[in-house]
Amino acid sequence: MRIELVTVIVEEYDPAIEFFTTALGFELVEDSPSLTNDGRPKRWVVVRPPGAQTGILLARADGERQHGAVGDQAAGRVGFFLRVDDFSAAHARMTAAGVEFVTAPRAEPYGRVAVFLDIAGNRWDLLGPA
């Protein structure tokens with residue numbers, strides 16, 4: 001058993017794809033036409049870090065309730081965690097790509113960490129070795 005996908009609700013597909021592939025360095029695994037349960041067109045868009053098995057389904061918000069969840073999927077908490085081997089290099093690359101860090105890097109017992117926002121405004125931990 002494994003977790004294959006988690007969903008991040010976004011306003012639009014293309015800017016989200018650009019953010020995840022360019023700013024974070026993820027791979028675009030799939031971008032296929034699809035239909036909503038009631039037959040309206042949508043896209044099935046999956047990104048994931050290089051070499052990872054678990055991906056992120058980028059789902060365009062549909063309806064008032066989903067639009068309200070954009071950027072607040074974890075109720076203001078960090079809800080996503082990106083572990084990297086070289087924290088300093090990843091932090092520098094992401095900063096140069098325009099990723100907004102809301103905390104400075106700090107040392108914790110579990111490693112180096114800095115909180116950043118994705119394109120929707122969700123909070124992520126960038127995690128690296130101690």
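This is a short talk on the aromatic pairs around Trp124. Please keep in mind that the model is predicted.

I will start with the annotation. UniProt, in an unreviewed entry, places the feature "domain: VOC" at residues 2-129. Over that stretch the chain is 21% helix and 41% strand. The C-alpha atoms at its two ends are 24 Å apart.

Now the rings. How many aromatic pairs does a search of the whole structure find? The count is seven, and I will go through two of them.

One is the pair of Phe26 and Trp124, which is edge-to-face. The centres are 6.5 Å apart, with 70 degrees between the planes. In the chain, Phe26 sits in the loop between helix H1 (13-23) and strand E2 (27-35). Trp124 belongs to strand E9, residues 123-128. The two residues are 98 residues apart, so this pair links distant parts of the chain.

The other is Phe80 with Trp124, and this pair is stacked. Here the figures are 5.0 Å centre to centre and 25 degrees between the planes. Phe80 lies in strand E5, residues 78-83, and Trp124 in strand E9, so the pair ties together parts that are 44 residues apart in sequence.

Next, accessibility. Are these residues buried or exposed? Phe26 is buried. Trp124 is buried as well, with a relative accessible area of 3%. Phe80 has 13% relative accessibility, and because the cut-off for buried is under 20%, Phe80 counts as buried too.

Last, the wider group. Phe26, Phe80 and Trp124 belong to one aromatic cluster, together with Phe19, Phe20, Phe101 and Phe116.

Conventions. Residues numbered from 1 in each chain as written. Predicted model: local features only at pLDDT ≥ 70, side-chain atom pairs only at ≥ 80, totals over all residues. Heavy atoms only, no water. Phe/Tyr/Trp six-rings, centres within 6.5 Å; stacked < 30°, edge-to-face > 60°. Helix = DSSP H or I, 4+ residues; strand = E, 2+ residues; numbered from the N terminus. Buried < 20%, exposed > 50% of the residue type's maximum accessible area, 1.4 Å probe, protein only. UniProt positions renumbered as here; feature names shortened; annotations may be inferred.
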